[in-house]
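Notebook open, structure loaded. I wanted to see what could be read off this one, entry by entry.

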Amino acid sequence: MRKSTGYIFILISLFIFNVKGNSQTLTIENVSVINEQGHVRISWEYTGAENIKIFRDSTALDNLSELKTLPFSESSYIDVSANAHKKPRSYKLQSEITSSVRSKIVSTFHVTYSYDSCLQQINLQWKDVDTENVPNQWIPSQFKVNKTEEGILEQFNVSATQNDYTLENVQENTNYTFSIETSWAGEDSVSFSNIISMYTEMPESPDYINALSVMSNGDNTDLQFEVASNTELNKYRIYKSDSYNGTFDSLETIVSSDYIVSVTDYNSQSNSEISYYKLASVNECGNETTNSDVINNIVLNLENTDFVNTLSWNLLKEYDLFSGTYE
């Protein structure tokens with residue numbers, strides 16, 4: 001009988017020991033931003049039987065404000081008022097009765113971006129709540145940039161000492177999404193930042209530019225080029241060379257919203273010298289996007305031999321079939 005009584009006493013003692021919190025554990029498993037509205041899901045593991053208080057960052061970070069009290073049987077909570085798409089948030093959990101039973105502090109990361117269309121770069125920057133003077137918090141061990149380009153996922157590892165990443169060779173008029181995945185030192189968990197969705201919009205370049213015509217006009221040369229109607233650009237650069245495969249030098253920049261772009265090369269001596277021309281569209285960064293084919297003026301030569309006049313001329317374009325002589 002004494003032996004049975006002893007066992008009962010031990011069980012009661014263990015129960016009391018647990019209720020007082022001396023053997024309870026409360027551990028956050030994950031804190032992640034789950035949508036573009038900035039809702040945050042918190043999940044945890046709890047071995048006790050007391051209700052759980054959720055605390056969220058406030059002005060005084062060493063004393064986070066109480067957000068919600070949940071039954072001990074719950075193991076997750078979605079904070080729909082977090083607005084974590086606008087700023088980072090910090091959380092901790094604590095037993096309602098035994099204040100010594102509490103989790104570490106875990107912060108979400110808030111990511112922002114800047115897009116330089118001319119350099120074709122997207123710079124990502126992220127930060128958590130400033131908790132330098134707050135003890136007992138999770139520390140990142142590594143970041144991972146998750147990039148989705150037109151539905152294709154690519155990931156880049158970033159050191160835990162870094163809080164930014166620059167993506168090079170960004171494509172124009174393309175859909176991108178980004179998030180930052182955080183691994184935590186000493187924790188078997190990863191967390192996710194807010195999601196960024198963006199479209200790298202740039203004025204559309206013409207699908208083609210066709211060289212239409214070239215006409216000698218005294219010492220000048222008049223040229224016309226046809227620009228595809230899909231263009232959203234209105235700036236063009238005319239180039240000139242003394243040979244088809246030679247170096248083309250820029251003559252001038254033309255601003256035109258017409259689909260037929262007219263250009264005049266003044267003092268070109270088109271009656272005696274052959275010149276080669278092409279037109280290129282120029283985007284808002286000053287970069288050329290679409291080039292036309294090459295066109296040249298026609299120089300007509302007359303040769304008189306034994307009372308026979310022979311006319312000869314050069315090709316209109318290098319691949320033109322209509323050239324030759326006529327007597």
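My entries follow, starting with confidence and moving on to cores, strands and single residues.

**Confidence**

I kept in mind that this is a predicted model. I looked up the pLDDT: the chain average is 86, and 82% of the residues reach at least 70. I then went after the weak stretches. Residues 6-21 stay under 50, and the model gives them eleven contacts beyond four places in sequence. Residues 320-327 are also below 50, with 18 contacts beyond near neighbours in sequence. I'm leaving both stretches out of the rest of these notes.

**Cores**

Which residues touch the most other members of the largest nonpolar core? I got Ile42, Trp44, Trp126, Val145 and Phe178, out of 37 residues in that core. There is another core apart from it, with 14 residues, and I noted Val214, Leu223, Val261 and Val263 among them. General background for this entry: nonpolar side chains in soluble globular proteins tend to be buried together.

I followed up on Val145. Skipping neighbours within four places in sequence, Val145 contacts Leu124, Trp126, Phe156, Val158, Tyr165, Phe178 and Ile180, among others. The list for Val145 also includes Glu154, Gln155 and Ser179.

**The S16-S17-S20 sheet**

I traced an open sheet of three strands, ordered S16-S17-S20, with antiparallel pairing. Its edges are S16 (209-217) and S20 (260-265), each pairing on one side only. From one strand to the next the twist averages 20°. Between S16 and S17 (residues 220-227) I found eight bridges, antiparallel. To fix the register I noted that Asn210 is opposite Glu226 in S17.

**Strand S18**

Is S18 mostly covered or mostly open? I'd call it mostly covered, since five of the seven residues in S18 (235-241) are buried. I then checked its partners. S18 runs antiparallel to S19 (residues 249-255), joined by six bridges, and Ile238 sits opposite Glu252 in S19. S18 also has six bridges to S21 (residues 276-282), again antiparallel. There I noted Tyr236 opposite Ser281 in S21.

**Two serines**

Ser107 is in strand S7, which covers residues 106-107. I count Ser107 as buried because its relative accessibility is 6%, under the 20% cut-off. Its side chain makes a polar contact of 2.3 Å with that of Ser90.

Ser117 sits in a loop, between S8 (110-116) and S9 (121-127). Ser117 is at 15% relative accessible area, so I log it as buried too. What does Ser117 touch, not counting residues up to four places away in sequence? I found Met202, Glu284 and Cys285. I also looked at the Met202 pair: C-alpha to C-alpha, Ser117 and Met202 are 7.4 Å apart, with their positions 85 residues apart in sequence.

**Two asparagines with positive phi**

As a reminder to myself, most residues other than glycine have a negative phi. Asn169 goes the other way, with a positive phi of about 55°. Asn169 is in the loop between S12 (164-167) and S13 (175-184). Its relative accessibility is 60%, so Asn169 counts as exposed.

Asn267 also has a positive phi, of about 55°. Where does Asn267 lie? I placed Asn267 in the loop between S20 and S21. At a relative accessible area of 60%, Asn267 is exposed.

Notes
Residues numbered from 1 in each chain as written. Predicted model: local features only at pLDDT ≥ 70, side-chain atom pairs only at ≥ 80, totals over all residues. Heavy atoms only, no water. Helix = DSSP H or I, 4+ residues; strand = E, 2+ residues; numbered from the N terminus. Buried < 20%, exposed > 50% of the residue type's maximum accessible area, 1.4 Å probe, protein only. Polar contact = N/O pair within 3.5 Å; in protein donor to acceptor, adjacent residues only side chain to side chain. Core = buried A, V, L, I, M, F, W, Y, C linked by side-chain atoms within 4.5 Å. Contact = heavy atoms within 4.5 Å. Pairing = 2+ DSSP bridges. Axes fitted to C-alpha atoms, helices over the stretch in contact; angles between N-to-C directions. pLDDT = per-residue confidence, 0-100.
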